[in-house]
Amino acid sequence: MSTPPLAASGMAPGPFGGPQAQQAAREVNTASLCRIGQETVQDIVYRTMEIFQLLRNMQLPNGVTYHTGTYQDRLAKLQDHLRQLSILFRKLRLVYDKCNENCGGMDPIPVEQLIPYVEEDGSKNDDRAGPPRFASEERREIAEVNKTFAT
């Protein structure tokens, strides 16, 4: 008689080992997706800089005496960087599409409604949505959050 295989957590697979668990694993926080997208853009910029560096240092074989082995190595590196760049752009497109899918039902709020301001006559604008938050309160909250992340 054999026992059922253990899950990664050391427990026997239960009723949550099916499609619901896989669906929950696929659900990713939009903020995490944005962070992944930002890192992907940074990788794209880095790879592009490396491609331009390779192109700057690469000499074209136009009759000049040049080591073909070195040329072939640099050409292989260039092709590898271009392939990686293509993969990174596809990854960025997937992240972009997923972020748009997650935020599809959200109504964009105009920036003017997010910033409380005082009109020229000294009275606050009453047609803005929600209670006004003062910049000093927001600044204090941001400082607290930064302190928690710094430690």
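The paragraphs below lead through this predicted model, from the chain as a whole to the pairing of two helices and then to single residues along that pairing.

The protein chain contains 5 helices and 0 strands, and, read from the N terminus, its elements follow the order α-α-α-α-α. Of the 151 residues in the protein chain, 10% are buried. When contacts in the protein chain between residues at least 6 apart in sequence are considered, 57% of them join residues at least 24 apart.

Two of the helices deserve a careful look, namely H2, which covers residues 30-57, and H3, which covers residues 68-102. Their axes come within 9 Å of each other and cross at roughly 160°; since an angle over 145 degrees counts as roughly antiparallel, H2 and H3 are therefore described as roughly antiparallel to each other. The crossing of H2 and H3 is left-handed. The residues that take part in the contact of H2 with H3 comprise 16 nonpolar, 8 polar and 7 charged ones.

The next step is the nonpolar core. The largest one consists of 8 residues in all, which are Ile44, Ile51, Leu54, Met58, Tyr71, Leu78, Leu85 and Leu88. Both H2 and H3 supply at least two residues of this core, and H3 gives the most to it, with 4 residues. Leu78, one of the core residues, shows how such a position is surrounded: if its neighbours within four places in sequence are left aside, Leu78 is in contact with Ile51, Leu54, Leu55 and Met58.

His81 is also placed in helix H3. Is His81 buried or exposed? With a relative accessible area of 13%, His81 is buried, because that value falls under the 20% limit for buried residues. Residues up to four places away in sequence not being counted, His81 touches Arg47, Glu50, Ile51 and Leu54, and among these Ile51 and Leu54 belong to the largest nonpolar core.

Arg47, which His81 touches, has its place in helix H2 and is partly exposed, with a relative accessible area of 23%. Besides His81, Arg47 touches Gln84, Leu85 and Leu88, again without counting residues up to four places away in sequence; Leu85 and Leu88 are members of the largest nonpolar core. The C-alpha atoms of Arg47 and Leu82 are 8.2 Å apart in space, although 35 residues separate Arg47 from Leu82 in sequence.

Another position to follow in helix H2 is Thr40, which is buried, with a relative accessible area of 1%. Which residues does Thr40 contact, leaving aside its neighbours within four places in sequence? Thr40 is in contact with Leu88, Lys91 and Leu92.

Leu92 has its place in helix H3 and is partly exposed, with a relative accessible area of 23%. Apart from residues up to four places away in sequence, Leu92 touches Gly37, Thr40, Val41 and Ile44, and Ile44 is one of the residues of the largest nonpolar core. Leu92 and Leu33 stand 59 residues apart along the chain, and a distance of 9.8 Å separates their C-alpha atoms.

The path ends with two cysteines, Cys34 in helix H2 and Cys99 in helix H3. How does their exposure to the surroundings compare with the limits used for this model? Cys99, at 13% relative accessibility, counts as buried, whereas Cys34, at 43% relative accessibility, counts as partly exposed. Leaving aside neighbours within four places in sequence, Cys99 is in contact with Thr30, Leu33 and Cys34. From C-alpha to C-alpha, Cys99 lies 8.8 Å from Ala31, and these two residues are 68 residues apart in sequence. Cys34 and Lys98, in turn, are 64 residues apart in sequence and 9.8 Å apart in space, C-alpha to C-alpha.

Taken together, the residues visited here return to a single pairing, that of H2 with H3, whose axes come within 9 Å and whose directions are roughly antiparallel.

Notes. Residues are numbered from 1 along each chain as its sequence is written. This is a predicted model: local features need pLDDT of at least 70, side-chain atom pairs count only at pLDDT 80 or more; totals for chains, interfaces and linings use all residues. Side-chain values use heavy atoms; hydrogens and water are left out. Axes are lines fitted to C-alpha atoms, for helices over the stretch in contact, and angles run from 0 to 180 degrees between N-to-C directions. Angles under 35 degrees count as roughly parallel, over 145 as roughly antiparallel, 65 to 115 as roughly perpendicular and the rest as oblique. A crossing is left-handed if the near helix is turned anticlockwise from the far one by less than a right angle, and right-handed if clockwise. Ala, Val, Leu, Ile, Met, Phe, Trp, Tyr, Cys and Pro count as nonpolar, Asp, Glu, Lys and Arg as charged, and the others, Gly among them, as polar. A nonpolar core is a set of buried Ala, Val, Leu, Ile, Met, Phe, Trp, Tyr and Cys residues joined through side-chain atoms within 4.5 Å. Buried means under 20% relative accessible area, exposed over 50%, partly exposed in between (1.4 Å probe, protein chains only). Contact means heavy atoms within 4.5 Å.
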